[in-house]
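This report describes charged side-chain pairs, the nonpolar core and one helix of a single model. Please consult the sequence and coordinates below alongside the text.

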Amino acid sequence: MLGWRPLPATAVTAVLLVWVFSCNHGEARIDFANMTALQKHAEFFDRDKDGIITPSEMFEGYVAIGCDVEYARATAASVSAGVGAITSPVDAPLPHLSIYVEFIHKAMHGSDTGAYDAKGRFVPEKFEEIFTKHAKVGPDALTSMEIEEMILANRDPVDPQSWAAPEKEWGLIYKLASDNEGFLHKDSARGIYDGSVFYKLEEQRTSSRSDM
C-alpha cells in the first residue's frame, strides 16, 4: 500500500499493542460504486468492507496476497502508524491507527509514477509512460532492472523521504506477481493501481493451498 516509513521492531510491537487495547473506531462514509482507483487499491485491505482498514485487516490482507507473517505484521504496523493519522477524520477516536478509505488520497507520496492524480484517480497516459520509457526488453512487461531504473528516474531530489515507498511497493509486487521468467506484465502492473492484482494473488494463493 501507499507511502509509509519503516518502524523499528519495538515500535511495531507498540503499535499493535496500542491498537489491541484501543480497538474502537468511528464510522466511515464511502461510495463503493464510485471509488477512485486509489480507493479501490486500498479497499482490498478493508476486509469487512466498512470503509475503514484496521491494523489487523491490513495484516490479513498482506498475508492473503502471499506475504509471510513476520513481514505482514511489520508492514501492517508501519502502514497503519504512518497512514492512519493522515486519513483519519477529525472526529475519529484515538489512536488514529485505522485507515479511512475515503481519505486515502491524503496519504499519497512523492517520487511516484504520476499514474494517480491528486484525488487518486487513474491517469492512463502516465501509466503508459511507464512502459514507453522503461520497458526495453519487451514492450508490455518490466524486468526487475527496468523497475529499478523507473524508480530511480521518478525520485524527487528535494523529497528524499518519499524514496523508500516506491522501492517497497514495486519490490513487493514484482516478487509476488512477476512470472517465472522474471517479467512483471502490463496487466499485473495495471492491477496495482485499482487493486485488482491483489484479488488475483489472493485467489492464486487460495487455489494453490486447496490443491495441496
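A residue is called buried under 20% relative accessible area, exposed over 50%, and partly exposed in between. The model discussed here is predicted.

**Salt bridges**

The structure contains 11 salt bridges. Three of them are listed in the table.

| Acidic residue | Basic residue | N to O distance |
|---|---|---|
| Aspartate 117 | Arginine 121 | 2.7 Å |
| Glutamate 128 | Lysine 186 | 2.7 Å |
| Aspartate 194 | Arginine 190 | 3.7 Å |

Aspartate 117 forms a salt bridge with arginine 121. Because its relative accessibility is 22%, aspartate 117 counts as partly exposed. Arginine 121 is likewise partly exposed, its relative accessible area being 46%.

Glutamate 128 forms a salt bridge with lysine 186. Glutamate 128 belongs to helix α5 (residues 124-134) and lysine 186 to helix α8 (residues 186-194), so this pair ties together parts that are 58 residues apart in sequence. With a relative accessible area of 34%, glutamate 128 is partly exposed.

Helix α8 also holds the pair formed by arginine 190 and aspartate 194, whose side chains meet in a salt bridge. These two residues are 4 residues apart in the helix, and therefore about one helical turn separates them. Arginine 190 is partly exposed at 29% relative accessibility, and aspartate 194 is partly exposed with a relative accessible area of 23%. Elsewhere, salt bridges with shared partners join Arg47, Glu60 and Glu202 into one network.

**Nonpolar core**

Which residues of the largest nonpolar core touch the most other members? They are Tyr62, Trp170 and Ile173, in a core of 44 residues. At least two residues of this core come from each of α2 (37-43), α3 (55-64), α4 (69-87), α5, α6 (144-154), α7 (164-177), α8 and α9 (196-210). The largest share, 5 residues, is supplied by α7. In soluble globular proteins, nonpolar side chains tend to be buried together.

**Helix α6**

Within α6, the buried residues are Glu146, Ile147, Met150 and Ile151. These residues cover an arc of only 140° around the axis and therefore lie on the same side of α6. The face turned away from the buried side carries Met145 and Ala153, which are exposed. What do the buried residues of α6 pack against? Their packing partners are α5, β3 (141-142), α7 and β4 (184-185).

Conventions. Residues are numbered from 1 along each chain as its sequence is written. This is a predicted model: local features need pLDDT of at least 70, side-chain atom pairs count only at pLDDT 80 or more; totals for chains, interfaces and linings use all residues. Side-chain values use heavy atoms; hydrogens and water are left out. A salt bridge is a side-chain nitrogen of Lys or Arg within 4 Å of a carboxyl oxygen of Asp or Glu. Buried means under 20% relative accessible area, exposed over 50%, partly exposed in between (1.4 Å probe, protein chains only). A nonpolar core is a set of buried Ala, Val, Leu, Ile, Met, Phe, Trp, Tyr and Cys residues joined through side-chain atoms within 4.5 Å. The arc is that of the directions from the helix axis to the C-beta atoms. Contact means heavy atoms within 4.5 Å.
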